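This report looks at charge pairing and surface exposure in one protein chain. Please keep the model in view while reading.

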Amino acid sequence: MTTDDPTAPLDPVRRLHVMAAGIRGARVTEGVVDAPFDRVWAVMGDLEGEFGRFQPDMRSLRVLRRDGDRVAALARSRYGMRARFDGVIRPGWCWLQSRFLIVGMAAVADGAGATRVALTGGVRVPGKAALVPLGTRREPRLALARLQQRVDGSR
């Protein structure tokens with residue numbers, strides 16, 4: 001949905017771009033997954049299962065608590081580090097942050113059975129709206145490729 005109306009609601013992908021624009025060093029990687037939204041979000045929103053399979057630096061994520069769309073989770077990286085995330089997850093939208101990390105994911109139906117997906121994240125500078133640009137270009141592109149593979153495997 002493209003509009004010049006400043007009062008029009010933002011779709012989740014546009015909202016992720018706005019959120020990332022307020023964080024120095026954040027980059028949004030956007031792509032199209034060739035599958036319907038419901039199938040794509042079933043993979044993206046499966047924090048305890050599929051999330052660790054398509055995100056390159058995550059080994060696992062365990063949800064500790066859910067209250068509506070609010071979530072608290074414990075993540076383990078492939079490098080052995082752990083982080084406790086707090087955030088929001090709802091269809092098409094996920095924003096998680098810990099003291100040192102941010103993960104943002106968004107998806108919207110893109111006509112003809114495809115889904116537009118956007119990803120952002122990285123190492124957070126505590127106390128500042130900034131990310132250290134480690135892997136902020138390579139890892140999201142790899143995540144999009146893995147996401148397409150996971151969605152293709154879920155048919």
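## Salt bridges and surface

The structure holds seven salt bridges. The model is a predicted one. Side chains of opposite charge can pair when their charged atoms come close. Three of the pairs are set out below.

| Pair | Closest N to O | Places in the chain |
|---|---|---|
| Arginine 116 and aspartate 11 | 3.2 Å | strand β7 (residues 115-124); segment before α1 (12-21) |
| Glutamate 50 and arginine 150 | 2.6 Å | loop between α2 (37-44) and α3 (51-54); helix α4 (residues 138-153) |
| Arginine 65 and aspartate 86 | 4.0 Å | strand β2 (residues 58-67); strand β4 (residues 82-90) |

Take arginine 116 and aspartate 11. Their closest N and O atoms are 3.2 Å apart. Arginine 116 sits in strand β7 and aspartate 11 in the segment before α1, so the bridge ties together parts that are 105 residues apart in sequence. Both residues are buried. The pairing also belongs to a network of salt bridges that links Asp11, Glu30 and Arg116.

Next come glutamate 50 and arginine 150, whose side chains meet at 2.6 Å, N to O. Glutamate 50 is in the loop between α2 and α3, while arginine 150 is in helix α4, so this bridge ties together parts 100 residues apart in sequence. Glutamate 50 counts as buried because its relative accessibility is 15%, under the 20% cut-off. Arginine 150, at 31%, counts as partly exposed.

Arginine 65 and aspartate 86 form a salt bridge at 4.0 Å, N to O. This pair links strands β2 and β4, with the two positions 21 residues apart in numbering. Arginine 65 is partly exposed at 43% relative accessibility. Aspartate 86 is partly exposed too, at 37%.

## Valine 32

Which strand holds valine 32? Valine 32 is found in strand β1 (residues 29-33). Its relative accessible area is 52%, so valine 32 is exposed. Leaving aside residues up to four places away in sequence, valine 32 touches Asp110, Ala114, Thr115, Arg116 and Gln148. Arg116 is thus a contact of valine 32 as well as a salt-bridge partner of aspartate 11. The C-alpha atoms of valine 32 and alanine 118 are separated by 8.7 Å, though the two residues are 86 apart along the chain.

## A positive patch

Arg59, Arg62, Arg76, Arg78 and Arg82 form a positive surface patch. One of them, arginine 76, lies in strand β3 (residues 70-77). Arginine 76 is partly exposed, with a relative accessible area of 30%.

Terms used: Residues are numbered from 1 along each chain as its sequence is written. This is a predicted model: local features need pLDDT of at least 70, side-chain atom pairs count only at pLDDT 80 or more; totals for chains, interfaces and linings use all residues. Side-chain values use heavy atoms; hydrogens and water are left out. Patches are made of residues with over 30% relative accessible area and no salt bridge: like charges are joined within 9 Å, nonpolar side chains (Val, Leu, Ile, Met, Phe, Trp, Tyr) within 5 Å. Accessible areas come from the Shrake-Rupley method with a 1.4 Å probe; for residues, only the protein chains shown count as cover. Lys and Arg count as positive and Asp and Glu as negative; His and the chain ends are not counted. The place of a charge is taken as NZ of Lys, CZ of Arg, CG of Asp or CD of Glu. Buried means under 20% relative accessible area, exposed over 50%, partly exposed in between (1.4 Å probe, protein chains only). Contact means heavy atoms within 4.5 Å.
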